[in-house]
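Please open the structure in your viewer and keep the selection tool at hand. The tour below goes from one selection to the next and says what is to be found at each stop.

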Amino acid sequence: MSDILIVDDERDIRELIGDILEDEGYSTRLAGNSNEAMAEINSELPALLILDIWLKDSKMDGIDILKTVKRDNPDVPVVIISGHGNIEIAVAAIKQGAYDFIEKPFNIDQLLVVIRRAMETSRLRRENQKLKRRETTTAEMMGDSAAFRVLMGQLDKVTKSNGRVMLSGPAGAGKELAARYIHTHSARANAPFVTVNSAGVAPESMEEMLFGRETADRGVEPGLLEQAHGGVIYFDEVADMPLGTQSKILRVLVDQQFTRVGGGDKVRVDLRVISSTNRDLAVEIDAGRFRQELYHRLNVVPIAVPSLEERREDIPLLAQHFIELCNKTQGLALRELSEDAVALLQTMVWPGNVRQLKNLVERVLILGDGTGKIEARELPQDTAMGGEEGRVVLSGILATLPLREAREAFEREYLLTQINRFGGNISRTATFVGMERSALHRKLKSLGVVTGAKGGPRIAQAEEETAG
């Protein structure tokens, strides 16, 4: 992109600059006043703007145009030229975001050098932003369980729209990854993805962080909303947002514009909003901690992100992916999981979900003493299973039961665990436990174990738990 808009009220100067730049291979457009300049900018954004400070017969001077351009399109480099240059004007222009200031009469070679540097800086900044966005999307959405397939079906549908999405699910389940998937596969993929950590910012700093600020000494400092212009703003754990900020975000969603802290001009933004929560927002609304109007604005398309326990079938695939990722990013040993290790991982409790699994894999690789397969003994053991190697130590109520009742209780819990581990697949469960499928069905019936649908996968539970 090499389109340059030249704005100067002196026809000879703007045409001279235009002719020279055309000879250098640039395409140019000319404007003699602020109305013509804004019409050109609004019709098609230039790659660079050469702007005179003093414009005769104009509603706006060069500084006003500069402020407007930088407010709405901060990535466009602006070179200021003026025949009435002084230190104060130059400082004011730079504070408002100008790339450089050149005083008339100027050396055309000097102007060409400044233009080339400004264009190159702009190009490098765009490439750097693209690289940063690419780096943040290296983690992949992966899985094959029924719950995961339901999630992906919903995500693929919303990528085709511009609707606001509310992702719900427990901490560590992958809500931000789901949000990035929507962004990466949408029409806004080449625009910014900006995360707002609602819980990680002090309430008194939240508005400056979101809306930016304007001060006399530092000029304009864009906030996160402005940085996300044209792309996606992701409100992570939106229930933690201060009530005062919630009302202002609601106004942004309605008007698509806001005012910086300390500023007076309205800033227009084009944003797609994705939010997430691990809380029940209906409870938060009843408690007066979350605005109902904001909830309805954000919750246009609700999508539930399943916990790791709802997609145990995906644990081996996820664990192996994290092993390969640790090898690539940290140089840790590229190991495989033994069958016993896989079985243990699929039967563990995962309150931290996918994030907990990733951390566990990394810890095992760091502390591991070999390059062979990861064995079950290298994984954290349930405290109820402690004792000498190969020996199960009874604990809790099981140790107080007669043999027959204890055996039934153990078999029920064991089979519940295995069925849930395989996502309700009876054939795979029967193969693993070493029983014929028909015999397993009879055993499940005698133990009062039933299977049913819950969010996609078949989940097994004891029959008495379904009553009432």
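Which residues of strand 4 point one way, and which point the other way? Val78, Ile80 and Ser82 point one way from strand 4, while Val79 and Ile81 point the other way, and all are buried, where buried means under 20% relative accessible area, calculated with a 1.4 Å probe over protein chains only. Because 5 of the 5 residues of strand 4 are buried, this strand is largely enclosed by the rest of the structure.

Before you move on, note that this is a predicted model, in which local features need pLDDT of at least 70 and side-chain atom pairs count only at pLDDT 80 or more, while totals for chains, interfaces and linings use all residues. Residues are numbered from 1 along each chain as its sequence is written, and side-chain values use heavy atoms, with hydrogens and water left out. Strands (E, at least two residues) and helices (H or I, at least four) are DSSP runs, numbered from the N terminus.

**The sheet around strand 4**

Select strands 2, 1, 3, 4 and 5, which in that order form an open sheet with parallel pairing; two strands pair if DSSP finds at least two bridges between them. Strand 2 (27-31) and strand 5 (100-103) stand at the edges with a single partner strand each, so one side of each is left without a neighbour in the sheet. Neighbouring strands here are turned by 20° against each other on average, direction ignored. Strand 3 pairs with strand 4 over 4 bridges in the parallel sense, and Leu49 has Val78 as its bridge partner in strand 4.

Now add helix 1 (residues 11-23), which packs on the sheet and touches strand 1, strand 2, strand 3 and strand 4, its direction making about 175° with that of strand 2. Contact means heavy atoms within 4.5 Å, and angles run from 0 to 180 degrees between N-to-C directions, with axes fitted as lines to C-alpha atoms, for helices over the stretch in contact. Helix 3 (residues 62-72) also packs on the sheet, where it touches strand 3 and strand 4.

**A second sheet**

Next, select strands 7, 10, 13, 6 and 14, which form an open sheet in that order, again with parallel pairing. Strand 7 (193-197) and strand 14 (301-304) are the edge strands, each with a single partner, so one side of each has no neighbour in the sheet. Strand 7 is joined to strand 10 (residues 232-236) by 5 bridges, and Thr195 stands opposite Tyr234.

Follow the chain to Ser198, in the loop between strand 7 and helix 8 (203-211). Is this residue buried or exposed? Ser198 is buried, with a relative accessible area of 1%. The side chain of Ser198 reaches the backbone oxygen of Asp236 at 3.0 Å, and, leaving aside neighbours within four places in sequence, the contacts of Ser198 include Met206, Phe235 and Met241.

**Two helices side by side**

Finally, select helix 6 together with helix 7 (residues 175-184), which pack at an angle of about 40° with their axes 9 Å apart. That makes helix 6 oblique to helix 7, since angles under 35 degrees count as roughly parallel, over 145 as roughly antiparallel, 65 to 115 as roughly perpendicular and the rest as oblique. Met152, Leu155, Asp156 and Val158 of helix 6 make the contact with Ala178, Tyr181 and Ile182 of helix 7.

Technical notes:
Buried means under 20% relative accessible area, exposed over 50%, partly exposed in between (1.4 Å probe, protein chains only). A polar contact is a pair of N or O atoms within 3.5 Å; within protein, one must be able to donate a hydrogen and the other to accept it, and residues adjacent in sequence count only if both atoms are side-chain atoms.
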